[in-house]
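Okay, hi everyone, thanks for coming. I'll put the model up on the screen, and then we'll walk through it piece by piece.

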Amino acid sequence: MVKITDVARRAGVSPSTVSYALSGKRPISDATRLRVQAAVRELGYRADGGRSPAGRRTKVLALAVPMRSGVHVPVVTQFAVSVVTAARAHDHDVLLLTEGEGEEALRRAADTGLADAVIVMDVQLQDPRLPLLRSRGLPSVLIGVPAEPDGLTCVDLDFRAAGELCVDHLARLGHRVVALVGSPPEVYVRRTAFARRLVEGFTSAVHRHGLTSAVHPCGTGRDAARAIAERLVRELPALTGVVVHNEPLLDPLIDAFERLGLSIPGDLSLTAVCPSPLAASARVPVTSVAVPSAELSTRAVHLLVRKLSGAPVPGATLLPPRLTERASTAPRGA
């Protein structure tokens, strides 16, 4: 078994310096900290992370949620609070990892024993964190499904089916020209799994119903809402149905379309994929597919606790979407 003295020898520092570099209890220079981390990786050292000699765990779960551009913080906060609540029900605390890229934070959690297991959010189709999760012994559950989920435990809303369900609803109401106002552009550039899959579902349903359509990423704020509304009306003058996958845009989009002379739902039906409270509290309550943050978080914690106990868990769990009709949708021409 690799000891802290082995790491100290490899890094050329004292064992106490290794301890401080890994725990953060005292300031250590960046150069020294990097040497210690390199030695930890090379030797495969595992700190005890507070475990007793009998193998007692830390009773800490890490939540890896990178705070990147395009992430809607209020929704992330809902997930984090739900994870903490579910973890406390299992007598666990939660360590929040918010580093932008996330790989280094996960490596520290794995190599230093800061947490027994990790929940990973903001999953990309080709997520750079996956090799680390597969190579380290840290149990994990992903809220999100990458392109190749083999060997991983994942839970998520079925976003592809959610995109299809929104289009199916608009098509049943007689709408023939529809658009998707999507997440900010950087979310698609990162190939974020949930955003890409929703576009796939939207496009698939559009083709199945033979509709005319457009898909546009969109930033947040009133200026972005005004610009996308003007573009859609200009490019699709017969537009009567819109799907929104960008929570902060709900009220700004309603305002922007109304300023262009389009009433909701009289001229334009609006649907969204977002948390139910946001849709219900919009200026015109919006027909929506709910993003069940509490259920997803609770399931992720439950799966992780089962993994820690050695119980078998499924590879991927996709929650079926549920659409709630509100005042923002109506038959075409109603």
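Let's start with one residue, Asp116, which sits in the loop between α5 (103-112) and β3 (117-120). One thing to keep in mind as you look: this is a predicted model. So, is Asp116 buried or exposed? It's buried, because its relative accessible area is 2%, and the cut-off for buried is under 20%. Its side chain also has a partner: it reaches the backbone nitrogen of Lys59 at 2.8 Å. And to get a feeling for distances here, take Ala225, which is 109 residues from Asp116 along the chain: the two C-alpha atoms are separated by 43 Å.

Okay, zooming out. The protein chain has 13 helices and 12 strands. If you lay the C-alpha trace along its principal axes, it spans about 75 × 40 × 30 Å. There are 334 residues, and 49% of them count as buried. Now look at contacts whose partners have a separation of 6 or more: 73% of those join residues 24 or more positions apart.

Next, the inside. The largest nonpolar core has 46 residues, and the members that touch the most others are Ile119 and Val273. Which helix gives the most to this core? That's α4, residues 73-89, with 7 residues. If you want to click on Ile119 and look around, its contacts include Ala62, Leu63 and Ala64, and also Val83, Val141 and Ile143. Further along in sequence, Ile119 touches Ala300, Val301 and Leu304. Apart from that core lies another one, of 29 residues, among them Ala229, Leu232, Ile254 and Ile264.

Hold on to Ile264 for a second. The peptide bond from Ile264 to Pro265 is cis, with omega near 10°. Pro265 itself is in the loop between α11 and β9 (269-274).

Now a helix, the one called α1, residues 4-11. Three of its residues, Val7, Ala8 and Ala11, are buried. Why do they end up on the same side of α1? Because they cover an arc of only 100° around the axis. Right after α1 comes Gly12, with a positive phi near 75°.

While we're on positive phi, there are a couple of residues to show you that aren't glycine. Asp91 has a phi near 60°, and you'll find it in the loop between α4 and β2 (93-97). Asp91 is partly exposed, at a relative accessible area of 46%. Then there's Arg191, not a glycine either, with a positive phi of about 60°. Arg191 is in the loop between α8 (185-189) and α9, and with a relative accessible area of 33% it is partly exposed.

On to the aromatics. How many aromatic pairs does a search of the whole structure find? It finds 1. The partners are Phe159 and Phe194: their ring centres are 5.4 Å apart and their planes are at 40°, so we call the pair tilted. Phe159 is in helix α7 (residues 159-172) and Phe194 is in helix α9 (residues 193-209), so this pair links parts of the chain 35 residues apart. Phe159 is buried, at 6% relative accessible area, whereas Phe194 is partly exposed, at 27%.

Both of those rings belong to residues that also meet a histidine. His245 is in contact with Phe159 and Phe194, and its other contacts include Leu180, Ser183, Leu198 and Val273. His245 sits in the loop between β8 (241-244) and α11 (250-259), and at 4% relative accessibility it counts as buried.

Last topic: cysteines. A disulfide is a covalent bond between the sulfur atoms of two cysteines. The count here comes to 0 disulfides. Why isn't Cys166 in one? Its closest cysteine sulfur, in Cys274, is 9.3 Å away, which is too far for a bond. Cys166 is also buried, at 0% relative accessibility. Cys218 is in no disulfide either, and its nearest cysteine sulfur, again that of Cys274, is 15 Å away. Cys218 counts as buried too, at 4% relative accessibility.

Okay, that's my tour. Let's go back to the model and take questions.

Key
Residues numbered from 1 in each chain as written. Predicted model: local features only at pLDDT ≥ 70, side-chain atom pairs only at ≥ 80, totals over all residues. Heavy atoms only, no water. Buried < 20%, exposed > 50% of the residue type's maximum accessible area, 1.4 Å probe, protein only. Helix = DSSP H or I, 4+ residues; strand = E, 2+ residues; numbered from the N terminus. Arc of directions from axis to C-beta. Core = buried A, V, L, I, M, F, W, Y, C linked by side-chain atoms within 4.5 Å. Contact = heavy atoms within 4.5 Å. Phe/Tyr/Trp six-rings, centres within 6.5 Å; stacked < 30°, edge-to-face > 60°. Polar contact = N/O pair within 3.5 Å; in protein donor to acceptor, adjacent residues only side chain to side chain. Disulfide = S-S within 2.5 Å. Lists of a residue's contacts leave out its neighbours within four places in sequence.
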